[in-house]
Every structure is written in C-alpha cells, then in structure tokens.
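Visitor: I am new to protein models and would like to know how the labels are earned. Could you take me through a few?
Guide: Gladly; have a look first.

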Amino acid sequence: MLTSMELFGWSEEKKERAFRQGLAAYLEKDYRPAIDSLRSAWHGHKESQFFMGVMSEFGYGLAQSKISSFDWYKKAGP
C-alpha cells in the first residue's frame, strides 16, 4: 500500500535526498538553493523543518521572523 507522500511523489527517499541537498547548500551559505531543496519541509521532514526554522530565525535567505521560526520549530517537534 502506498502512503500519501508516495502517491504525491514524496517518498521518504526523495525527502531525505532533498534534505541532504538543502543541508549542503545551507552549510555553504548558499541559502536560496537551500530553501529550494528544503521544500521537503512542507512534506513533513522534521530535519528540513528545523533548518527552515533556523533560516527564518536568523534571516538566512528568508525574511527574519521569530514568529515564522517558532512555527517551523513547532512543526519539527522535540
């Protein structure tokens, strides 16, 4: 049985691959490609959601927003 993520093209493997690409871009301080790759955050990938929170908190490639960063951290969970 396929999960809803697989039905929409976001398998766990695809989310993890996008996260790794986003993390590599983030570590190189290449924030626009990092954001593009971390789009897996919108598909429930906890590590991607955490890094979206960091980028939002400090204004790395996004408008700096404590509210938005809090929302991302909350989605990422403990």
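Visitor: What makes the pair Glu16 and Arg20 a salt bridge?
Guide: A salt bridge is a side-chain nitrogen of Lys or Arg within 4 Å of a carboxyl oxygen of Asp or Glu. The closest N and O atoms of Glu16 and Arg20 are 3.8 Å apart, so the pair fits the rule. Before we go on, this is a predicted model, in which local features need pLDDT of at least 70 and side-chain atom pairs count only at pLDDT 80 or more, while totals for chains, interfaces and linings use all residues. Residues are numbered from 1 along each chain as its sequence is written, and side-chain values use heavy atoms, leaving out hydrogens and water.

Visitor: Where do Glu16 and Arg20 lie?
Guide: Both are in helix H2, four residues apart, about one turn of the helix. Helices (H or I, at least four residues) and strands (E, at least two) are DSSP runs, numbered from the N terminus.

Visitor: How many salt bridges does the rule give?
Guide: Four. Among them is Glu12 with Lys15, at 2.8 Å from N to O; these two also sit in H2, three residues apart. Another joins Glu57 and Lys66 at 3.9 Å.

Visitor: Why is Lys15 called buried, and why is Glu12 called exposed?
Guide: Buried means under 20% relative accessible area, exposed over 50%, and partly exposed in between (1.4 Å probe, protein chains only). Lys15 has 4%, so it is buried. Glu12 has 54%, so it counts as exposed.

Visitor: What makes Glu16 partly exposed?
Guide: Its relative accessibility is 28%, so Glu16 falls between the two cut-offs.

Visitor: How do you know that the span of helix H4 agrees with what is expected?
Guide: The expected span is 1.5 Å times one less than the number of residues. For the 13 residues of H4 (residues 46–58) that gives 18 Å, and the end C-alpha atoms are 19 Å apart, which agrees.

Visitor: What covers the buried residues of H4?
Guide: The cover includes helix H2 (12–27), helix H3 (31–37) and helix H5 (66–76), where contact means heavy atoms within 4.5 Å. Phe51, Met52 and Val54 are among the buried residues of H4.

Visitor: What is the phi of Lys29?
Guide: Lys29 has a positive phi of about 60° although it is not a glycine. Most residues other than glycine have a negative phi. Lys29 is in the loop between H2 and H3, and at 62% relative accessibility it counts as exposed.
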